[in-house]
Each structure stands twice: as C-alpha cells, then as structure tokens.
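Student: I'm new to this one. Could you take me through the aromatic rings, slowly and in one go?

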Amino acid sequence: MIQLFIDNEEVFVNDNQNIEIHDQNPLITKSGEYSYDIDINLMCAENRKAYLFIDRINQDSLITGRKARLLVDGRTVCSGTETILELNQNTVKIQIVGGNSELNFLGSNLTVKELDLGVVQPITADWAMQTLSGRYPDYPGVCCPVMLQLTENPKAPDIEIVNKIKPDTSSSIQFEDKTRFILQPYFLTVLDRILSALGWSVAYNVLANDDFASRLICIHAFDTLNLNEMVPNWAVDKFISEVEKFFNVIFVCDTSSQSISIYRVHEFYKSHADTVIVDAKDILSQDMAPSVKFGQEDELYTNYNNIRYNFPKEWYYNYSDIAEEVLEVCKVLEFSDYLALLAYPEFTYNKPILCYVKDMDTYFTSVTDLIFSYYRIVNQFAHVIQDETQNDFVEFDICPAEVIGCELKPTYGETRGFVGAALPFARNQVNQDQQVTEESGLN
C-alpha cells in the first residue's frame, strides 16, 4: 500500500502508477534522495482541498515549501520537500526532494539576504576587545581593525579605519575612544545560521576543530548587526557549494533527523561511505548487455589538478596572481635573500622583470608611489597548474581579502612615532576599471 502525506495530511496518489525513488551518493553526484513524478488525481475531493483547488482558473496561490513523506506498507521510503512540477487537466504532478537534493532545491530558490540569520548583540568596547582573542564558536565574529578607505597615497592622514586600535600598544591594547565597531563574522557562524534557517541542524562539522577554518572571517564594511547583511548576497546553494569546494568537504544529509554532517571528502570516502554490491541481473538487460541512460547531469566530485581564485579585476589581485601570458614575457632575477635584492643597483620599475628571493621562496616586483620606490610581493596567490592537458580550472569564489600597508604615525607625548600596520581593506564601493595597454608597462 502506497501512502503520501503532505504536511502530515494524507494525499491519495493515483492507482496503478510506478513511482521511482533514487538515493544517490552525494560524494559522486552531489544529489541525495528524490522521487520521480508522482501523479495526484484532483477528481478526489480531499486532494483538491489539499492542493487549494489549484485547477480553478482564478487560483493564483503559490504552493511551496511543504514537507512530504512517501510510505510503502507503513515504511517511509522518501521524505523531504514537495515541489509541484505540472498541472495537466485533473492531474497535478509533484516530486519529493530529500537529503542533499532537498538542500540543493531549497538553496537554489533563496539568496542569503532572504534568510533570517539573526543579529549580533550591540557592540561595546569591552566585548569587542574580548573577540580579538576569541574564535568560532565562542564568538560570532571578531572586531579586528579594517580599512574602509583606500587612496593613492596610503599615508593619507584622513584614512578611515573601523575597530581602530590606538597605535601605542606598548603597555596595553585599547580601542580609539570614538571608533566605530563593525563585526567581521566567522565564516562558520554564517554557515551554521544558513543551515538553521533552512531547517537543518548540524550533527557533525569537521571544520569546527580546524584552527584555520574556525578563524576565517568575512571582511566587510557594512554598518549593521544583521548577519545576512555582512556577507555577499549569493544564492544559498552557491554559498554551500563554495564552502564544499574551498574546504574540500562534503555535506551529508540525514532526512530522518533533519541533520547535516560535514566531512572531509577523503574522510567520508574512507570511513563513512557505504559499499553496495549490486547483482548483475539488476543492472543488465536480458541479453546481458549493459543498460545505460545518457544525458544525466551527474557530475564527478571536484578534482584539484588546476586551481585558481576567481579574483575581482582590481590592481591588488592582478599582483596577487599574475596572468600566464604576462609571466611568459617576464625575466626572473634570483637573489639569495632580501638584502641582496635591496642591493641590486639596476632600475627595474615597470620593466618585465620579476625578482625571486630564494630563502623566502617569494617573488617581488619594483613599484613606486608619490615619494619612494619599494618592492611588492607578487604571485602570493598564484594559480596552480598540475595537469597541462586540461584547460579547466577549479575556481574559488571565496578569496583572500586585500591587505594594505599603511602608516599610523602615533604620538608619544611630544614625540611623533612611525608605525606601520597591514590592514584588510573592505571594498564596498564601485571603482572604475583601469584600462591596461601594452605601452603602460608591467605595473
């Protein structure tokens, strides 16, 4: 006996129909449990009521987000979210998506700002100071100094910094008296809140014990306490996919407890993924030839042979990952250490020359500002090519923030000090694209 329940109310399915249920390995397909089409007969009065008389010409209500359970002889074979596919005269076709499929379905129809991710408490100087030595999950984020304004001269006295700490830290660390506080949220805090807003709890998260992941923050400059306004307004399924790709993890959904476990891919494959042996008669036709369905959208899981960040087209990132065609025309000069580089007498600014310092394993190029010349690190986030036979790259949309050096010039009594700080820059304004020509030189 087949029974279908929508929001715990029974709906009667058409007799004599075959209903296919698929339960796929999310490691391979990133799908989970889902049903193929289920036909609901609207000639049945109970069904018409359950579907809000959807066949009426004046019916314009949108039916979304309802929970569905399909039972066979009293045993649940598929549970998740109902999605209505088609209305055809007196029949409505639906599908049930569960597990990872349900997570993908819900996420594809929502953006981050459409979710209620909660608010953080009003920020006081004392609480902000405590966050500086905290981590996820003890705090939702950290009030670290962030630069909001970037000028051609980084030594500009009117540079704007939020969460600004007094430059004199010789005796103690204190915030400036009138500084504005803007929390920089932990990535894992945002992930927790998104999953919770979708109705899922987190049963296990391998990233919670990862020191790097638990300190990773999203740099922004929006003066808000709402978490959903502190991060890019991506589609939710894009956010989840980018987390999986960046950390090399897999989300495994348990529909029975509506919970999610997050594993390292290799950990899941080694310890948690089931091995299933299927008898040949179940996959071969009568003439013992394999039966294959083409046109499926199943994609193999990410391989990291060729990787790069999907950086914005800003000058900072052009230095961080130099394009392959630029590298091909550059000459590389090698130096034993940085002092040897500083002693190099030749003028290299704006020439196709990169300087490699061996003991630092770092590339530099010569740059200049309004006052003096210096060397800038380049290619610190360079793309990686391990398989030249492939043209495809795995691209990370979770990118390192721009980190800019600036001078703070604190005052110690009557003495003017010289203090430099490396600060993340929150680019929350639109800049005109800079046009680059061959004649303009390397920089």
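Tutor: Sure. One term to start with: a residue counts as exposed when its relative accessible area is over 50%, buried when that area is under 20%, and partly exposed in between. Keep in mind that this is a predicted model.

Across the whole structure, a search turns up 20 aromatic pairs. Take Tyr-309 and Phe-381: their ring centres are 6.0 Å apart and their planes meet at 85°, so this pair is edge-to-face, as planes over 60 degrees apart are. Tyr-309 belongs to strand E16 (residues 306-309), while Phe-381 sits in the loop between strand E20 (373-378) and strand E21 (384-385), so the pair ties together parts 72 residues apart in sequence. Both partners are partly exposed: Tyr-309 has 21% relative accessibility, and Phe-381 has 24%.

Now look at Phe-347 and Tyr-349, an aromatic pair that is tilted, with 6.2 Å from centre to centre and 55° between the planes. Phe-347 counts as exposed because its relative accessibility is 52%, whereas Tyr-349, at 26%, is partly exposed.

Back to Tyr-309 and Phe-381, since ring pairs link both of them into a cluster. Other members include Phe-246, Phe-247, Trp-315, Tyr-317 and Phe-396. Tyr-317 also turns up somewhere else: it is one of the residues nearest the centre of the second largest pocket.

Some rings have a charge for company, too. The charged end of Arg-308 sits over the ring of Phe-393, 4.1 Å from its centre. Likewise, Arg-66 has its charged end over the ring of Tyr-51, at 4.8 Å from the ring centre.

Technical notes. Residues are numbered from 1 along each chain as its sequence is written. This is a predicted model: local features need pLDDT of at least 70, side-chain atom pairs count only at pLDDT 80 or more; totals for chains, interfaces and linings use all residues. Side-chain values use heavy atoms; hydrogens and water are left out. On a 1 Å grid over the protein atoms alone, a cavity is a set of points where a 1.4 Å probe fits but cannot get out, and a pocket is an open set with protein on both sides within 12 Å along at least five of seven lines; lining residues have an atom within 4 Å of a point. Rings of Phe, Tyr and Trp (its six-membered ring) pair if their centres lie within 6.5 Å; planes under 30 degrees apart count as stacked, over 60 as edge-to-face and the rest as tilted. Helices (H or I, at least four residues) and strands (E, at least two) are DSSP runs, numbered from the N terminus. Buried means under 20% relative accessible area, exposed over 50%, partly exposed in between (1.4 Å probe, protein chains only). A charge sits over a ring if NZ of Lys or CZ of Arg is within 6 Å of the ring centre and within 35 degrees of the ring normal.
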